[in-house]
Amino acid sequence: MSPLAAASGIATDGHGLVLTDATLRSVSHPQIHAVGDAAAVQMDFGRLHGSCQSGLPTAPYTADTIARLVRGKAVKPFRFGYFHQPVSLGRKDAVIQFTRSDFTPFGLRLTGRAAARYKELVSGSPLMTYRYSRRMNVTTLVSRGGRAVAGPA
Ligand SMILES: Cc1cc2nc3c(=O)[nH]c(=O)nc-3n(C[C@H](O)[C@H](O)[C@H](O)COP(=O)(O)OP(=O)(O)OC[C@H]3O[C@@H](n4cnc5c(N)ncnc54)[C@H](O)[C@@H]3O)c2cc1C
């Protein structure tokens with residue numbers, strides 16, 4: 001991880017990630033918001049790990065948060081849940097393990113070509129995947145993942 005944040009005097013964890021509060025603002029410099037791999041994001045179930053799945057929602061959440069703060073509106077804490085763990089095994093094989101929102105696996109998984117196609121779709125269409133993942137909690141019963149909210153519009 002880049003030493004930039006720590007070298008700038010921003011509070012970081014042992015890996016140089018910006019320590020954030022529940023709204024992804026730096027705990028030492030609240031005027032600074034951290035997103036993606038640069039942010040140490042704590043959920044009830046643990047620390048998020050660097051991934052597109054968890055990093056992508058932090059950006060629109062933070063954009064919404066800043067807009068709300070500028071307008072003097074209340075902001076809800078960042079909220080996120082995982083829904084899968086995809087692993088590519090070359091171009092034609094993969095394993096997709098679906099998870100609970102706290103990243104624990106459960107019975108549903110894809111393997112082989114179907115999994116490789118799924119991984120290709122997810123990696124090739126991050127915006128579509130993000131939009132769909134926001135609805136995971138209402139479209140399926142298997143995961144309450146993928147949610148990230150800044151507050152009522
Ligand atoms: C080999 C590899 C495979 C991965 N596979 C997966 C996967 O299958 N699924 C998954 O979910 N995640 C995967 N990840 C993790 C995923 O890529 C990251 O979690 C995600 O890219 C983080 O996005 P980000 O925007 O926070 O950071 P980044 O994508 O790293 O973007 C940061 C950007 O900032 C730029 N930058 C850095 N310092 C400066 C500076 N001082 N000034 C200006 N610009 C700067 C960098 O050049 C970069 O473009 C993988 C990562 C790696 C390395």
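This briefing covers a ligand site, two residues with positive phi, and the surroundings of one strand residue. The structure is a predicted model. Seven residues are listed around the ligand: Gly36, Asp37, Gly50, Ser51, Cys52, Gln53 and Lys119. Away from that list, Leu24 and Phe103 are described for their backbone angles, and Gln97 for its contacts.

**Ligand site**

- The shell around the ligand consists of one nonpolar residue, four polar residues and two charged residues.
- With Cys counted as nonpolar, Asp and Lys as charged, and Gly, Ser and Gln as polar, the nonpolar member of the shell is Cys52 and the charged members are Asp37 and Lys119.
- Asp37 places a polar side-chain atom 2.8 Å from an oxygen atom of the ligand.
- Lys119 also approaches through its side chain, with a polar atom 3.1 Å from a ligand oxygen atom.
- Cys52 takes part through its backbone: a polar backbone atom of Cys52 is 2.7 Å from an oxygen atom of the ligand.
- On its own the ligand has 1000 Å² of accessible area, and the protein covers 26% of that area.

**Positive phi outside glycine**

- Leu24 is not a glycine, yet its phi is positive, at about 65°.
- This residue, Leu24, sits in the loop that links strand 1 (18–19) to strand 2 (39–40).
- Leu24 is classed as buried because its relative accessibility is 1%, and the cut-off for buried is under 20%.
- Phe103 is likewise not a glycine and has a positive phi, of about 80°.
- The loop holding Phe103 runs between strand 6 (94–99) and strand 7 (105–111).
- Phe103 has a relative accessible area of 25%, so it is classed as partly exposed; that class lies between the 20% and 50% limits.

**Gln97 and its surroundings**

- Gln97 belongs to strand 6, the strand that comes before the loop of Phe103.
- A relative accessibility of 15% puts Gln97 under the 20% limit, and it is therefore counted as buried.
- The side chain of Gln97 reaches the backbone oxygen of Leu108 at 3.3 Å.
- Leaving out residues up to four places away in sequence, Gln97 touches His84, Gln85, Pro105, Phe106, Leu108 and Arg109.
- Leu108 thus appears both in that contact list and as the partner whose backbone oxygen the Gln97 side chain reaches.

Methods:
Residues numbered from 1 in each chain as written. Predicted model: local features only at pLDDT ≥ 70, side-chain atom pairs only at ≥ 80, totals over all residues. Heavy atoms only, no water. Helix = DSSP H or I, 4+ residues; strand = E, 2+ residues; numbered from the N terminus. Buried < 20%, exposed > 50% of the residue type's maximum accessible area, 1.4 Å probe, protein only. Near = heavy atom within 4 Å. Polar contact = N/O pair within 3.5 Å; in protein donor to acceptor, adjacent residues only side chain to side chain. Areas by Shrake-Rupley, 256 points an atom, 1.4 Å probe, with all protein chains shown as cover. Contact = heavy atoms within 4.5 Å.
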